[in-house]
Amino acid sequence: MLSRTADHLFWMARYMERAENTARMLDVNYQMSLLPQSEAAAERGWRGLLSISELTGDFAKRYGEVTPKNVMDYMVSDAANGSSIRSCLMAARENARAVRGTLTTEVWETQNQTWLEFQRMVATDAFQRSPGEAFEWVKFRSHLSRGVTVGTMLQDEAFHFLRIGSFLERADNTARLVDVKFHAVDSEFFGFGSATGLRRDRLAILQAQAQSQGAVAPGPAAGDGNGKDVEFDFYHWSAVLRSVSGFEVYRKVYRNVIRPERVAELLILRPDMPRSLAACMHEVVSNLHRVANEQSKDTLRLAGRLDADLQYGRIDEILATGLHAYLTQFLERVNALGVGISRDFLVPVAA
Amino acid sequence: MAVGFDEMRGEGGTVREHYRGYDRWLSEQPPQVMLSRREEAEVIFRRVGITFAVYGAKDEDGKGTERLIPFDLIPRVIPAHEWREMERGLRQRVTALNRFIHDVYHGQEILKAGMVPTEQVIGNAQFRNEMRGVDVPGGTYSHIAGIDIVRAANADGSGSYYVLEDNLRVPSGVSYMLENRKMMMRLFPELFSRHRVAPVAHYPDLLLETLRSVAPAAVNDPTVVVLTPGMYNSAYFEHAFLAQQMGIELVEGQDLFVKDNFVYMRTTQGPKRVDVIYRRVDDDFLDPLAFRKDSTLGCAGLLSAYRAGNVTLSNAIGTGVADDKSIYPYVPKMIEFYLGEKPILANVPTHVCREADDLAYVLDHLGELVVKEVHGAGGYGMLVGPASTKEEIENFRVALKADPSRYIAQPTLALSTCPTYVESGIAPRHIDLRPFVLSGKTVQMVPGGLTRVALKEGSLVVNSSQGGGTKDTWILEA
């Protein structure tokens, strides 16, 4: 297969996945904003969303005030924002168009139709009128795109590069989401900087929750009349889970109250959780093996090691070294892997 | 202008034999059903992405706009016996044209015999010195030819077919022929059970067979690719479509490189030899080392690999010397010269403005004639006398006098019309036909071609870039 074709397929899948993840995060924030909460908390949510995509600076320059409407406009339909749903869907469609002959008719038409319908939705203000429904639609189109790929394409190189793109992007997105959401509760326990008074309260709660399982709960009590924070935590973590379709999965797997370290374990290490880092890397590795060529040994090694680290990792070890540090390193490794794939397969230097 | 010839209705408005079945069916269709079918067709064309890009036009994203070519629901029907005759004529014409191209790059017998003026050929910008003495597989140059045919009314009300133009370089439109049929079968399956319409869907198979048959002789199982200028080219849909239908790679110039006079493409598994390139890039852009240096659409060293016989270009370089409008008037003579046969398909009578007598006549009759630039294409740079204002005619007269050899002139043919959906209902609109002729080991074609229709009332310009539409074309067994 042509390297350029592989490149387009890889990016088509990445952009589609990115559109879905953006929609997921927006949706969760939007749902959260419907709950009674302080303005500061709501704003924190929207800020978190911008920082996940590393867009805080660009947003501040162009929009200034962080309001739900501004963030939504910026992340949904802003053509100048390369990470907006609009930009992602357009890029996915343009990449698909460049290789439409390699795709099955169904895959191409799905991608094309998504872009055409999106334009119509923006034109009729669908994202303002009923954001929840519109975000559902983006997720649905992404499910459809993936489903029609798996359901109709020959499992040849084209297929594998699509899959690699999807899962590499998803790993990246999940890692960012976990990082930012844990950052939002800001705890030394998770390896973050100095805690303020308020943060110390929350830290206490987290510790109390962590210990509650062992029935013994010495030290500062969590239940000192601060029920608001417990409630906040429940909604915070359940929102994180929902944004990766993990709420029901969590209940099924742990059959227990929602606790941050379990959320972290589920989203990082569970091999059977489809949006976890472990599951994503596993898919990346197995698809990479199917397309291996003479020069890709190093890239495969990189991917294999990342996969093994996740496969044999333990959540208490990860938390002990600091979650933020761990995820930062993970994102660097995913990035290096992307560079390797690009060099070995997608844009090889002239032979 | 003479009395028109309508494809569907003859004298007194009676429906012609080969249109009767369709006419009966159409009269049974409620108008709102046809209207919703038209809308359905548009939605499907958009979803499938059967669009063409218009150069220069930009939408808000700064990308070239993608437009739909209007598709008309009423088919253009040709009775089988007419097609059989046309097919014979097309074979004959394209065979002679290929012989001509081979000749002008080798012995130049036809020039020596004085049948075609030497300076018309050698002095032609489309004549490629690089091709002199180069042998191409089977001596075939234009493997894919699109021959534009029109029907014009005779004085007695009958119609005759004429060849309007030969397209021997990179003719396009075949994907619309195929997609239009697919659309018609999707919208009106019952029509096809009531009519015996000759199928066209095997065109990609014939094309692939043709391309494989002209591979360099030393290659057993040739690798064939389609070379496109890229996704912003107006015909990109067609390039992608044909590559997909044939199951071969669609490459851009940047995907190819030449090493030791062989052409390779860059793949995920390393370099792969390429043997036949169905190129949809003009000669000028094929190789920056040989032609336009600023071209990024081609591949450096391609010409050298080609001349060494290590790769086949389809169509060959330099075919433009035979489809130039200044050469067109000599095609009937070519047929007699090379094949010793009388031409089956007629040319439109043509005045060559470089000849003093012809020029004088043309200047006297500008108001009645169609004057065309010999190197023009796409319906640009021409004067349609009867449809032009005095001022336009006078402006053109100046240009023509300044450089007569740039122009030819033809009588304004009353192009035949075909009933077509327009805003006010169904009305006659002018049409033409482009059949696609494939020349490899043998000459083959699918029955039919692309029918283009000028949607503006009275307009004779069918080009899609100027508001033309298309129709499905039926070759109908009685």
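How many helices and how many strands does chain A have? This is a predicted model, and in it chain A comes out with 17 helices and 0 strands. Of the 351 residues in chain A, 45% are buried. Look at the contacts in chain A with a separation of 6 or more, and you'll find that 68% of them come from residues 24 or more positions apart.

Let's pick one helix and walk around it. H15 of chain A runs over residues 297-312, which gives it 16 residues. From first C-alpha to last it reaches 22 Å, close to the 22 Å expected at 1.5 Å a residue. Its buried residues are Thr299(A), Leu302(A), Ala303(A), Leu306(A), Asp307(A) and Leu310(A). Why do they end up on the same side of H15(A)? Because the arc they cover around the axis is only 125 degrees. Note that Asp307(A), a charged residue by class, is among the buried ones. Now turn to the face pointing away from that buried side: there you meet the exposed residues Lys297(A), Asp298(A), Arg301(A), Ala308(A) and Tyr312(A). And what sits over the buried residues of H15(A)? The cover includes two other helices of chain A, H14 (277-291) and H17 (323-346).

While we're in chain A, two loops deserve a stop for their backbone angles. Asp125(A) is not a glycine, yet its phi is positive, at about 60 degrees. You'll find Asp125(A) in the loop between helix H6 (105-123) and helix H7 (126-129) of chain A. Is Asp125(A) buried or exposed? It has 11 other C-beta atoms within 10 Å, and a residue counts as exposed at 12 or fewer, so Asp125(A) is exposed. The other stop is Arg255(A), again a residue other than glycine with a positive phi, this one near 45 degrees. Arg255(A) lies in the loop between helix H12 (247-254) and helix H13 (260-268) of chain A. With 7 other C-beta atoms within 10 Å, Arg255(A) is exposed too.

Time to cross over to the partner chain. Where the chains meet, 23 residues of chain B are in contact with 23 residues of chain A. On the chain B side, at least two residues each come from helix H2 (31-48), helix H9 (236-246), strand S7 (249-251), strand S9 (262-267) and strand S10 (270-273). Sort that side of chain B by class and you get 9 nonpolar, 7 polar and 7 charged residues.

Two of those elements, S7 and H9, lead us on to a sheet. In chain B, 4 strands make an open sheet in the order S7-S6-S11-S12, with parallel pairing. S7 and strand S12 (312-314) of chain B are the edge strands, each pairing on one side only. From one strand to the next, the twist averages 30 degrees. H9(B) packs on this sheet, where it touches S6 and S7 of chain B, and its direction makes about 150 degrees with that of S7(B). Strands S6 (residues 224-227) and S11 (residues 276-279) of chain B are joined in the parallel sense over 4 bridges. To find one of these pairings by eye, start at Val225(B): its bridge partner in S11(B) is Ile277(B).

Follow the chain out of S12(B) and there's a cis peptide bond, between Ser314(B) and Asn315(B), with omega about 0 degrees. Asn315(B) belongs to the loop between S12 and helix H11 (320-323) of chain B.

Last, go to a hairpin in chain B. S18(B) and S19(B) form it, with 2 residues between them. Strand S18 (residues 417-422) of chain B is mostly covered, since 5 of its 6 residues are buried. S18(B) pairs with strand S19 (residues 425-434) of chain B in the antiparallel sense over 6 bridges, and the bridge partner of Thr417(B) in S19(B) is His430(B).

Thr417(B) also takes us to Glu7(B), because the two are in contact. Glu7(B) sits in the segment before helix H1 (20-28) of chain B. With 22 other C-beta atoms within 10 Å, Glu7(B) is buried. Beyond its neighbours within four places in sequence, Glu7(B) is in contact with Arg76(B), Val77(B), Ser416(B), Thr417(B) and Cys418(B).

Notes: Residues are numbered from 1 along each chain as its sequence is written. Chains are lettered from A and ligands numbered from 1 in the order in which they are written. This is a predicted model: local features need pLDDT of at least 70, side-chain atom pairs count only at pLDDT 80 or more; totals for chains, interfaces and linings use all residues. The expected span of a helix is 1.5 Å times one less than its number of residues. A residue is buried if 20 or more other C-beta atoms lie within 10 Å of its own, exposed if 12 or fewer, and partly exposed in between; C-beta atoms are placed from the backbone. The arc is that of the directions from the helix axis to the C-beta atoms. Two residues are in contact if their C-beta atoms, placed from the backbone, lie within 7 Å. Two strands pair if DSSP finds at least two bridges between them. Axes are lines fitted to C-alpha atoms, for helices over the stretch in contact, and angles run from 0 to 180 degrees between N-to-C directions.
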